[in-house]
Each structure stands twice: as structure tokens, then as C-alpha cells.
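Work through the exercises below with the sequence and the structure side by side. Try each task before you read its solution.

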Amino acid sequence: MKKNINKAVMAIILSVSLCGCGLGTAKEASSSSTAKADEAADFWSDVAVPQKQNEAKVQPEADSTTEACEEESADAYYFDGATGDAAPAPAAESFSFDNSLSAQQYKGTRQMGGAPGHGYDEFWGPAYPETDWNTEEYSHIDENGWKSTATSPLSTFAADVDTASYANLRRMIYNGERIPEDAVRIEEMINYFSYDYPEPRRGEPFSVTTELANCPWNSDTRLMLVGLKSKDVDMRERADSNLVFLLDVSGSMDSPDKLPLLQRSIRMLCEELSPRDRVSIVTYASGDTVVLEGVSGREKNRISNAIEDLFAGGGTNGSAGINTAYELAEKYYIKGGNNRIILATDGDLNIGITDEGSLARLAEEKAKDGVFLSVLGFGTGNLSDANMQALAEHGNGNYNYIDSIYEARKVLIDQMGGTLFTVAKDVKIQVDFNPEYIKGYRLIGYETRTMAAEDFADDTKDGGEIGAGHCVTALYEIAGKDSDQDIPGEAKSRYTETKTKTSIFDNTGEFLTVSIRYKEPEGSRSELLEYPVDSRSISKNMSDNMKWASGVAMVGMILRNSPYAKDCEMDDVIAEMGRINGVRSDLYREEFLDMFRYYG
């Protein structure tokens, strides 16, 4: 719901008077959220079943920034989202006011580094003109529907810690763009945020949390959360890294939100390297070029200068660069170390192998040699999200979208362990629903990660990778035997239909089991963990973790025009999420609320 322009201007002036940060009202919001906590009882479930950390049956089978608060003239400087720096503002007559941005969206650009590729003057609007064409590509998503436990009691999917979808949506909103439904991957929106899950027990790669509550958008169903938290890594004791930066310098990268932002992001990461680390740089355009080979992390100036000297031009032969990058990764391979290619690109390939399927097969073949692949997406207008997601998924890596220098810092510095250091690979999750108590279920998101039930125990089938300190959250909508929820395709037989019609909360039996398979980073055989779930730990209060995750899921379903959330209203969801304890003390959650409060 885009606000009236006069209100937006007045709000912007107020925002500037508070140093552009919105910090003047943070404490007020925090105290008011406490006062309103009781009002959320009707919205969030008052019946929950948290199992904070179930006992596992182990079976060895198969710099903070202050520019935004500097008291400078509003028309003297603009804040560059691509570089994170203040710079002299261009002449006012070269701009037109962007009516599509609300005051809170301007506040967001100041807090988080600006919309991608745009420097924002606090009054005059975008410093860089937007393109009038768009060739962005997203894989089609067929939203998960209801499944009957009578015919499909097992739900299987690969773990996913990618966050690209959320950062990309943020870029679209700040740019005033329409959001394509297929750009919305709900699991990546949920997993963008951190959750207060317990630390893993000694000897286990991650903890597992399950929670069951009333579904906030459907009175006939329950909602179940499955949360994983991986063990963290002391970066002072981390394994040595063999990093190959595969950088796209083709003509399509010639934009402030692409190559310049890429250069600063990679240089920032290189400042964190140790003398024991090895760095190689491969660039690709019409062909590929080895810029640096096996350089020690001690040579920071040499690495930084090599990155700074890059310029954009030519076609995009990404497949040639990928082959060269893997050759260098194998040449300088560190046994027991972190061997990884970091691909930074807009994904727009037009020479050599260009289709999504062939790229996926190329990455999958190369991944067999023990080298992981991380993908950083940049830019707008020709972003090939489908290609980048396929490369990361089949290259045993992760995919993040960088829309500002602040997102680069979050991904590459603040969450460096999770992005670069894998603690468990080929992670698969399988939920076995007991038909005696549950008649149907629906997995929310993970459409591109679902697997056949028989692939769960097949160690040749690829799962997902989880980095150090990562949280993975999945939500299921569940219909118990007592539910009036219609389950399409539900098979009924006079011999197999059970007599149980009471709520699962009124039973003491085991109504599902969460099973997880994973491999050690250099392992080839999976380990099995099993977590039975029953009603012995019933609680009447939904946790803050689940409140936030379910709220993000509702926002995602609204953006996708999901038939499963047709009665959800964005204003109501955001208002209730604003009452969750501590939400205003988390900058990323606060930005989420501010962004979607004014989105229309």
C-alpha cells in the first residue's frame, strides 16, 4: 500500500531529523511491544508442543557504520549502496523524485546500505537510472500441496541454507519493482534470519528442535517447526582455506551494483584471510584468464590490487571459467582444509554452456573431487537466478544475493563460518508421519529441494550443505485425524481407516519421527539421527522462534498469492510480528517489518 506522497515527504524530513537511522524510536517500539504482548494471544497459538532438543538415536549407517548518523546537509551527499560510502550528490536537476519509495524504505536504505546499484540521496531519490528492460530468470515453483499419510507417510527434502531469495526481494521492493511469484522461495526467507536454537551436544554436528502449535492461518490445522542449529567454529582455529575466486567481468557486469560492488565485497573478505590460506583468481568474459594463482593470504595488497584492476567487457563464457577454477582448486587442494570456489556473477551466460541443466551437471561432476562451490549473485535487470541456484545446489555449496555492501559484510564477514566452512554435507531430512494420528501434511517451501523417499538412504543422492553456526528451519502444516481439513487424493478403505478421531494433543503415542542423514565434510558414508516426536512436552505458548518463522511464511505466501493463505492480510501479519519479544533489537528483523509494512 504505497503511501500518499505528502505523507512520505513529511516522514522523510522527520527521518532526517533523527539522523536518518530511525534509532530515535527504537526504545519506544521495544517498550510498546512488551505492553502489547498479551494482545497477540489470539493470533499466535496458545497450544504448543516444543521439544527443545530431543534425544537422538545415533545409528552409523549408510564495522558498524556511522555514515547514516552524520549530521550533514541532506542535499550535500548521497549514500552509495554499492560502495557504502558518502559521495557528493549530483546536481538536483538530474533527478526526479521517486514516488514509489516511502519514508521507511528510505530509512531502510540508510540502515542497510541502499537499494542495490543505487546511491540514494535522502531527498532526491536514486542516483543511478534504472534500466527499462528486464530479462531476469526464475525457475518455476509449483507450491507444495497437501499429501495424505495413507498414501505418502514420508516427506523427504534436502537441507537448504541459501538466503538469496530474501535479499533479492528486498532489492525489488526498494526499487519499487513488481515481485514475480517464482522469485519467492519461502524457505530462504525464513532461513535468512537467525533463531534461538540450542547448541549441539558434544559429538553431534547439530541440535534438532521440534515444536507443534495451532496454525495461525488455518483453524483446522496444526503447524510444526523443525529447527537445526549446527556447531560453530572458532575462526582462530579454523582449517586453512584454498579459495578460488571465479569473477564475472563480462560486459553485463558493467554497472555500479555489479562489478564495483563485487570488487569491494571480495576485497573485504580477503582482509580476513590468514597467511596459511591460498588465493587464486580467475576471471571470465568471452574467455577466461588466471589473474592470481596460489597466492598466500599474507599478500593482501597484491590480492587487493588485482581485484581493483578488474574491468568489465565482452561476452560471458562462464563454463570455461568454471573448468579453470576447478583445475586451480584441485592443484592447490588442502587435505582437511576448506577447498572452495566462490563464483561472483549476475548469472547471465551467453557463450559455451548456458542452459540450467547442463550447468548443473557440470557442477555436480566437478563436486565429486571434494571442492565446494559458493555463489554470490549481483545486479538487476538480467539476473539469472535459476542458473545460480542450480550451480550452488549441484556444486555442494550455497547461494547468496548481494544487494549492498552491508549484505556482503553479513554473508562474508559476520557469517563467514556458515558461508565458507561446511560442517555437514549431503544433509537430508525425512519426516515419517503416523497415519493413526495424522491424516495429511503440507511442507511449506523447499519445492526445489524435495526428494523421493527412497533417496533418503541412498548415499549417491546429493543433499544440502550446512555451514558452521547455521540455522535451518522447516515448517509443516499438519491435519490431525480430528481435522476438518480436506486432503485431496486421500485414500479411504474400510480395512485401513483407523478409528482414532481425537486430537493428537490428547494422545500419548508417537505421532511422527524426524530423521536426518548427513556426511562429514570429507566423508562418503552417511550417519543417521532419529528424533521421535510425541505429546509429552505440551506447552501452551508458541515460542518466539516459531512466531517469527510462521509470520515470515505468511508474508511469503501472500507474495506468492498462495491459495493456502487467502485470508491473510499483510497489515495484520506485520502488526502481530511487531509484538514478538525482542524483535526491535534485531536490525534484520526490524528492517523486515519496516519494509513490508509499507509494501503494496
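**Exercise 1.** Decide whether asparagine 561 is buried or exposed, and find the loop in which asparagine 561 lies.

*Solution.* Begin with the accessibility: asparagine 561 has a relative accessibility of 57% and therefore counts as exposed, where exposed means over 50% relative accessible area, buried under 20% and partly exposed in between, with a 1.4 Å probe and protein chains only. Next, locate the residue, which is in the loop between helix 13 (544–559) and helix 14 (570–577); helices are DSSP runs of H or I with at least four residues, strands are runs of E with at least two, and both are numbered from the N terminus. Finally, look at the backbone, where asparagine 561 has a positive phi of about 55 degrees although it is not a glycine.

This is a predicted model, in which local features need pLDDT of at least 70 and side-chain atom pairs count only at pLDDT 80 or more, while totals for chains, interfaces and linings use all residues. Residues are numbered from 1 along each chain as its sequence is written, and side-chain values use heavy atoms, with hydrogens and water left out.

**Exercise 2.** Describe the backbone and the surroundings of tyrosine 446.

*Solution.* The phi of tyrosine 446 is positive, about 65 degrees, although this residue is not a glycine. Tyrosine 446 lies in the loop between strand 18 (438–444) and strand 19 (450–451), and with a relative accessible area of 0% it is buried.

**Exercise 3.** Find how phenylalanine 193 and tryptophan 548 are arranged as an aromatic pair.

*Solution.* The structure holds 17 aromatic pairs, a pair being rings of Phe, Tyr or Trp (its six-membered ring) with centres within 6.5 Å, called stacked if the planes are under 30 degrees apart, edge-to-face if over 60 and tilted for the rest. Phenylalanine 193 and tryptophan 548 are 5.3 Å apart, centre to centre, with 80 degrees between the planes, and form an edge-to-face pair. Phenylalanine 193 is in the loop between helix 5 (186–190) and strand 9 (206–214), and tryptophan 548 is in helix 13, so the pair ties together parts 355 residues apart in sequence. Both phenylalanine 193 and tryptophan 548 are buried.

**Exercise 4.** How many disulfides does the structure hold?

*Solution.* The count is zero, with a disulfide taken as a pair of cysteine sulfur atoms within 2.5 Å. For cysteine 215, the nearest cysteine sulfur belongs to cysteine 568 and is 8.1 Å away.
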